[in-house]
Amino acid sequence: MAPHGDPDAPVVPVGPGERRREKGAVLRVLATPAAPLFDLMAKIDVVDGHKLPASGSFVLTPNHITNIDPVVVGRVMWRFGRLPRFMAKASLFRVPIFGRLMHAMGHIPVERAGRTHDSDPLGAAGRLTAVGGGVIVYPEGTLTRDPDLWPMKGKSGAVRLALAAGVPIIPVAHWGSQELMGRYSSKLRPFPRKRITVIVGDPVDLSPYRDRPLDQASMTEATALVMESITALLERIRHEEAPAQRWNPSKNEQRETGSFE
């Protein structure tokens with residue numbers, strides 16, 4: 001159960017007896033009616049939800065198995081009084097009307113080349129965290145290619161952001177969203193009502209990297225720690241062990257096609 005109830009207007013505590021709203025009027029207006037509609041399609045069981053920061057800045061790093069995942073993770077954040085904001089493909093922000101809404105809700109556009117339409121994505125996210133917000137970053141960068149839906153090799157964007165902004169990375173894993181919407185599909189399967197489990201982990205310890213250069217070796221090590229944390233959480237809720245070797249698209253998919261260029 002959420003510590004602040006299942007809000008129609010999320011708030012976060014900032015001191016004894018004191019509560020403060022996160023800024024995000026457009027997101028609030030859209031999410032208030034959308035949350036109960038989603039609940040008709042799926043029941044979300046949250047494990048260790050108290051580990052989601054009640055206030056302050058953070059980077060949330062979930063696994064990614066289907067296109068409905070952002071709604072699932074956003075619904076959990078909303079339940080716990082935090083406004084969900086994402087780093088998303090810049091092309092979405094160029095869609096008429098929808099793009100304006102994405103900007104108004106505080107989501108952050110990222111070009112495929114690694115830059116926002118207007119500025120550095122890490123700078124944009126840093127400004128968001130500077131005012132006490134949280135940003136959701138999928139460290140895999142896309143839907144997992146692992147045949148059994150385990151987390152695959154991660155990318156360093158989430159770690160770079162957390163280290164640059166000096167904020168914690170909170171790993172998250174979920175399972176069951178693939179029953180609501182299949183991988184690579186855009187078709188909802190709401191009946192019968194689905195059950196999704198979401199588990200929140202302890203912050204990943206990035207302290208060994210905070211005073212080191214943000215070079216490729218350090219970022220690869222730190223990203224591996226994040227992916228290990230997410231995978232361990234997923235093992236708990238799936239009651240299974242992940243493969244010993246993490247799926248690496250650049251290697252596994254080349255091997256499958258016989259290409260080693």
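1. Let's start with what packs over helix 7. In this predicted model, the cover over the buried residues of helix 7 includes strand 4 (58–62), helix 5 (157–165), strand 8 (169–175) and strand 9 (194–200). The buried residues themselves are Ser 218, Met 219, Ala 222, Thr 223, Val 226, Met 227, Ile 230, Thr 231, Leu 233, Leu 234, Ile 237 and Arg 238. You will see that the list holds Ser 218, two threonines' worth of positions (Thr 223 and Thr 231) and Arg 238 alongside residues such as Leu 233 and Ile 237.

2. The length of helix 7 is worth a quick check. It covers residues 216–238, and its 23 residues should span 33 Å at 1.5 Å a residue; the end C-alpha atoms lie 32 Å apart, so the expected and computed spans agree. Just after the helix, His 239 has a positive phi of about 60°.

3. Next, have a look at strand 8, one of the elements covering helix 7. Six of its seven residues are buried, so the rest of the structure largely encloses this strand. On one pairing, strand 8 runs parallel to strand 4, with four bridges joining them; here Pro 62 stands opposite Val 172. Strand 8 also pairs with strand 9, this time antiparallel and again through four bridges, and Trp 175 faces Thr 197 across that pairing.

4. Which residues touch the most other members of the largest nonpolar core? They are Val 59, Val 135, Val 159, Ile 169 and Leu 206, in a core of 29 residues. Helix 4 (121–130), helix 5, strand 8 and helix 7 each supply at least two residues of this core, and helix 7 gives the most, with eight. As general background, nonpolar side chains in soluble globular proteins tend to be buried together.

5. Val 159 is a handy place to centre your viewer. Leaving aside residues up to four places away in sequence, Val 159 touches Ile 169, Met 219, Ala 222, Thr 223 and Val 226. Met 219, Ala 222, Thr 223 and Val 226 are among the buried residues of helix 7. Apart from the largest core lies another, of 23 residues, among them Phe 38, Ala 42, Ile 44 and Val 198.

6. Finally, the chain as a whole. It has eight helices and nine strands, and 47% of its 261 residues count as buried. Of the contacts with a separation of 6 or more, 71% are between residues 24 or more positions apart. The chain exposes about 13,300 Å², with carbon and sulfur atoms supplying 56% of that area.

Terms used:
Residues are numbered from 1 along each chain as its sequence is written. This is a predicted model: local features need pLDDT of at least 70, side-chain atom pairs count only at pLDDT 80 or more; totals for chains, interfaces and linings use all residues. Side-chain values use heavy atoms; hydrogens and water are left out. Buried means under 20% relative accessible area, exposed over 50%, partly exposed in between (1.4 Å probe, protein chains only). Contact means heavy atoms within 4.5 Å. Accessible areas come from the Shrake-Rupley method with a 1.4 Å probe; for residues, only the protein chains shown count as cover. The expected span of a helix is 1.5 Å times one less than its number of residues. Two strands pair if DSSP finds at least two bridges between them. A nonpolar core is a set of buried Ala, Val, Leu, Ile, Met, Phe, Trp, Tyr and Cys residues joined through side-chain atoms within 4.5 Å.
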